[in-house]
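Subject: Handing over the structure

Hello,

Here is the structure I promised to pass on to you. Please open it beside this email, and then read on for what turned up in it.

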Amino acid sequence: QETKMDDSSLFEPESKTHKALEYGGAGSVSFFLVFSVIACVVLGAIRKEPAHFVFAVLLVLVFGILVVLVMWWRQGDLDPKFKWLMAFTAFVVIFSGAVANIYIWQPIPASEVCWQLYKNDSLYNWGTNTCMQITSMNDCRMMKKGFCIRMSSETQGACFNCTPAPFPPPHSPEKDMIADTYIPVPNAN
């Protein structure tokens, strides 16, 4: 026994309310997608993040699939059962846009902001969540033996070779003061 396909219009007789909802939904999804793609491209260029561009391409491709399905549906080339595929694809478009926005609008980690401020002369203290500007930081970053960081304030200091520096005798007030301001760098070996 053959099953007859439903030849009725996929949209049924369209009322003005139905058309308004359809165009409103399509416009909202399109606006959200265009916003997301532009945000991905702009922030990808500013932050030099290739992953943002990948998100933009993904959004365009998934939206392209939805547009093709809607065009076929409007022409009557799709079976009515594919309306659920279109609904699922619309959900994937919205969900992908939401994921892209959550990812691209994440704040830049404080350590990266610290590096952007001072480039190679930066050190981020995770314990106190402070960015420190350390001059001549390369020697300390390479963990060369005998190099120390001397802090002149909570956020500024300098890296230097502290091996030949004569230290005051034990238990002197000068040594106690200096001990608080010197940070020995661990040896690389």
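What is the volume of the largest pocket? In this predicted model, the volume of the largest pocket comes to about 590 Å³. The pocket is lined by 19 residues, and those closest to its centre are Glu22, Ala26, Val70, Trp73 and Met86. You could select those five first and look at what surrounds them.

Which helix gives the most to this lining? That is H1, with eight residues. Helices H1, H2 and H3 each supply at least two residues of the lining. Sorted by class, the lining has 13 nonpolar, three polar and three charged residues.

**The chain as a whole**

Now a step back. The chain contains six helices and five strands. If you follow the sequence from start to end, their order is α-α-α-α-β-β-α-β-β-α-β. The chain has 189 residues, and 24% of them are buried.

**How the three pocket helices pack**

Before the numbers, one general idea helps. A pair of packed helices is described by two values, the angle between the axes and the distance between them.

Start with H1 and H2. Their axes cross at roughly 160 degrees and come within 8 Å of each other. An angle over 145 degrees counts as roughly antiparallel, and therefore H1 and H2 are described as roughly antiparallel to each other. The crossing of H1 past H2 is left-handed. In the contact of H1 with H2 there are 14 nonpolar, four polar and three charged residues.

Next come H2, which spans residues 50-75, and H3, which spans residues 83-104. These two helices pack at an angle of about 160 degrees, and their axes are 10 Å apart. This makes H2 roughly antiparallel to H3. Their crossing is left-handed. The contact of H2 with H3 is made up of 20 nonpolar, four polar and one charged residues.

What about H1 and H3, at what angle do their axes cross? The angle is roughly 30 degrees, and the axes come within 10 Å. Angles under 35 degrees count as roughly parallel, so H1 is roughly parallel to H3. The crossing of H1 and H3 is left-handed.

**Residues to look at in the helices**

Val34 is a good place to begin, and you will find it in helix H1. Its relative accessibility is 48%, so Val34 counts as partly exposed. Val34 and Val60 are 26 residues apart along the chain, and their C-alpha atoms are separated by 8.8 Å.

Ser96 sits in helix H3. Is Ser96 buried or exposed? Buried means under 20% relative accessible area, and Ser96 is buried because its value is 12%. Along the chain Ser96 and Leu59 are 37 residues apart, while 6.6 Å separates their C-alpha atoms.

**A loop residue with a positive phi**

Where is Lys48? It lies in the loop between helix H1, residues 16-47, and H2. Lys48 is not a glycine, yet its phi is positive, at about 55 degrees. Exposed means over 50% relative accessible area, so Lys48 counts as exposed with its relative accessibility of 68%.

**Around strand E2**

Last, move along to Ile134, which belongs to strand E2, residues 130-135. Ile134 has a relative accessibility of 0%, so it counts as buried. Two other residues can be placed by their distance from Ile134.

- Gln156 is 22 residues away from Ile134 in sequence, and the two are 5.8 Å apart in space, C-alpha to C-alpha.
- Asp121 is 13 residues away from Ile134 along the chain, with 5.0 Å between the C-alpha atoms.

Asp121 is in the loop between helix H4, residues 110-118, and strand E1, residues 122-125. With a relative accessible area of 27%, Asp121 is partly exposed.

As you turn the model, try finding the pocket again, starting from Trp73, one of the residues closest to its centre. From there you can trace H1, H2 and H3, since each of them supplies at least two residues of the lining.

Enjoy exploring it!

Best wishes

Technical notes:
Residues are numbered from 1 along each chain as its sequence is written. This is a predicted model: local features need pLDDT of at least 70, side-chain atom pairs count only at pLDDT 80 or more; totals for chains, interfaces and linings use all residues. Side-chain values use heavy atoms; hydrogens and water are left out. Axes are lines fitted to C-alpha atoms, for helices over the stretch in contact, and angles run from 0 to 180 degrees between N-to-C directions. Helices (H or I, at least four residues) and strands (E, at least two) are DSSP runs, numbered from the N terminus. Angles under 35 degrees count as roughly parallel, over 145 as roughly antiparallel, 65 to 115 as roughly perpendicular and the rest as oblique. A crossing is left-handed if the near helix is turned anticlockwise from the far one by less than a right angle, and right-handed if clockwise. Ala, Val, Leu, Ile, Met, Phe, Trp, Tyr, Cys and Pro count as nonpolar, Asp, Glu, Lys and Arg as charged, and the others, Gly among them, as polar. Buried means under 20% relative accessible area, exposed over 50%, partly exposed in between (1.4 Å probe, protein chains only). On a 1 Å grid over the protein atoms alone, a cavity is a set of points where a 1.4 Å probe fits but cannot get out, and a pocket is an open set with protein on both sides within 12 Å along at least five of seven lines; lining residues have an atom within 4 Å of a point. Grid points are joined across faces, edges and corners, and a volume is the space filled by probe spheres set on the points.
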